[in-house]
Amino acid sequence: LDNKTHRSVGQLHYLVEFEIIPGFVVKQEVMTATAWAYSKDLLVTAAHVCSSAQEIGVNMRSPAVFNMTYIDENDERKELEDIKILTMDVVTDTCILFSNDHSLIPLEMEEDFDKNVRIGTHLTITGAPMGIFPVTKHCWVVSKDSYELEDPFLVDRLTTSCEVLPGFSGSPLLSNNNKVVG
C-alpha cells in the first residue's frame with residue numbers, strides 16, 4: 001500500500017437537516033472525521049465521532065448516518081452516502097460502520113504487535129485534518145504502554161509523536177509493514 005493508503009481511508013461527513021421554512025429543508029455539515037476500510041462492507045472510525053454524531057442527531061432530529069468522500073482507483077473523488085453505525089466501544093474508542101457500497105482497499109490489523117511495534121518504529125497516519133483530505137503525516141512510536149503519563153486510562157495505550165488535528169479522529173495508524181497498530 002505504499003503511497004496508496006489514501007485508497008483505504010475516507011473523510012466522514014456528518015450532516016444535519018434544518019427546516020428553514022415549512023417544507024424547505026437544507027443540509028449543513030457539522031462535523032468531519034476519518035474512517036478506514038476493515039472489510040468490503042465494514043469501516044472503522046473513533047467511537048467519540050459516532051457518539052458525537054448520535055448526540056447531535058438526537059438534538060437536531062437528524063439520523064446518525066454519515067456520508068464519505070473517498071479517492072477511487074482513478075484518483076478521482078467520489079461520494080458515498082448512508083453509512084450507518086453498527087456498534088462502538090468507548091473504552092477502546094472504536095466505532096464500526098456499515099457501508100456495502102464502498103470500494104476502499106481494506107487494511108490489515110497488526111497481529112504481532114509486541115514483535116513488530118517498538119519504541120522508534122516509524123508510523124504514518126492518513127486522514128482529513130481540518131477538513132483537508134487526504135493528508136498523510138509521519139511520526140514514531142514514543143511509548144508502547146504510556147506508563148510514564150501516570151493516567152490509569154492511558155495505561156497500555158500506544159503513545160506516538162503524531163501531531164493530530166481535528167478531523168484525524170478515526171484515522172488508521174500504520175506501521176512500517178502497512179498494518180494498523182492504532
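This section describes the fold, the strand pairing and one buried site of a predicted model.

The protein has 182 residues. Its secondary structure comprises two helices and 12 strands. Read from the N terminus, the elements follow the order β-β-β-α-β-β-β-β-α-β-β-β-β-β. Three strands thus precede the opening helix in the string, and four strands separate that helix from the other one. Five strands follow the second helix.

Global values were computed for the protein. Buried residues make up 40% of the 182. The accessible surface is about 10300 Å². Carbon and sulfur atoms account for 53% of that surface. Contacts between residues at least 6 apart in sequence were also examined. Of these, 58% join residues at least 24 apart.

Six strands form a closed barrel. Their order around the barrel is 1-2-3-6-5-4, with antiparallel pairing. From one strand to the next, the twist averages 45 degrees. Strands 1 and 2 are neighbours in this order. Strand 1 spans residues 9–21, and strand 2 spans residues 24–37. The two pair in the antiparallel sense through 12 bridges. Within this pairing, V9 faces W36 of strand 2.

Further antiparallel pairing involves strands 8, 9 and 10. Strand 8 covers residues 122–127, and strand 9 covers residues 135–143. Six bridges connect them, again in the antiparallel sense. H122 has W140 of strand 9 as its bridge partner. Strand 9 also pairs with strand 10, which consists of residues 159–160. Here two bridges are found, and the strands run antiparallel. One bridge sets V141 against T160 of strand 10. Strand 9 therefore has pairing partners in both strand 8 and strand 10, since two strands count as paired when at least two bridges link them.

T69 was examined as a single site. The residue lies in strand 4, which runs over residues 65–71. Strand 4 is one of the six barrel strands. The relative accessible area of T69 is 6%. T69 therefore counts as buried, because the cut-off is under 20%. The T69 side chain makes a polar contact with the side chain of H13, at 2.6 Å. H13 falls within strand 1, residues 9–21. Leaving aside residues up to four places away in sequence, T69 touches G10, Q11, H13, R77, K78, E79 and F133. H13 thus appears both in this contact list and as the polar partner of the T69 side chain.

Terms used. Residues numbered from 1 in each chain as written. Predicted model: local features only at pLDDT ≥ 70, side-chain atom pairs only at ≥ 80, totals over all residues. Heavy atoms only, no water. Buried < 20%, exposed > 50% of the residue type's maximum accessible area, 1.4 Å probe, protein only. Polar contact = N/O pair within 3.5 Å; in protein donor to acceptor, adjacent residues only side chain to side chain. Contact = heavy atoms within 4.5 Å. Axes fitted to C-alpha atoms, helices over the stretch in contact; angles between N-to-C directions. Areas by Shrake-Rupley, 256 points an atom, 1.4 Å probe, with all protein chains shown as cover.
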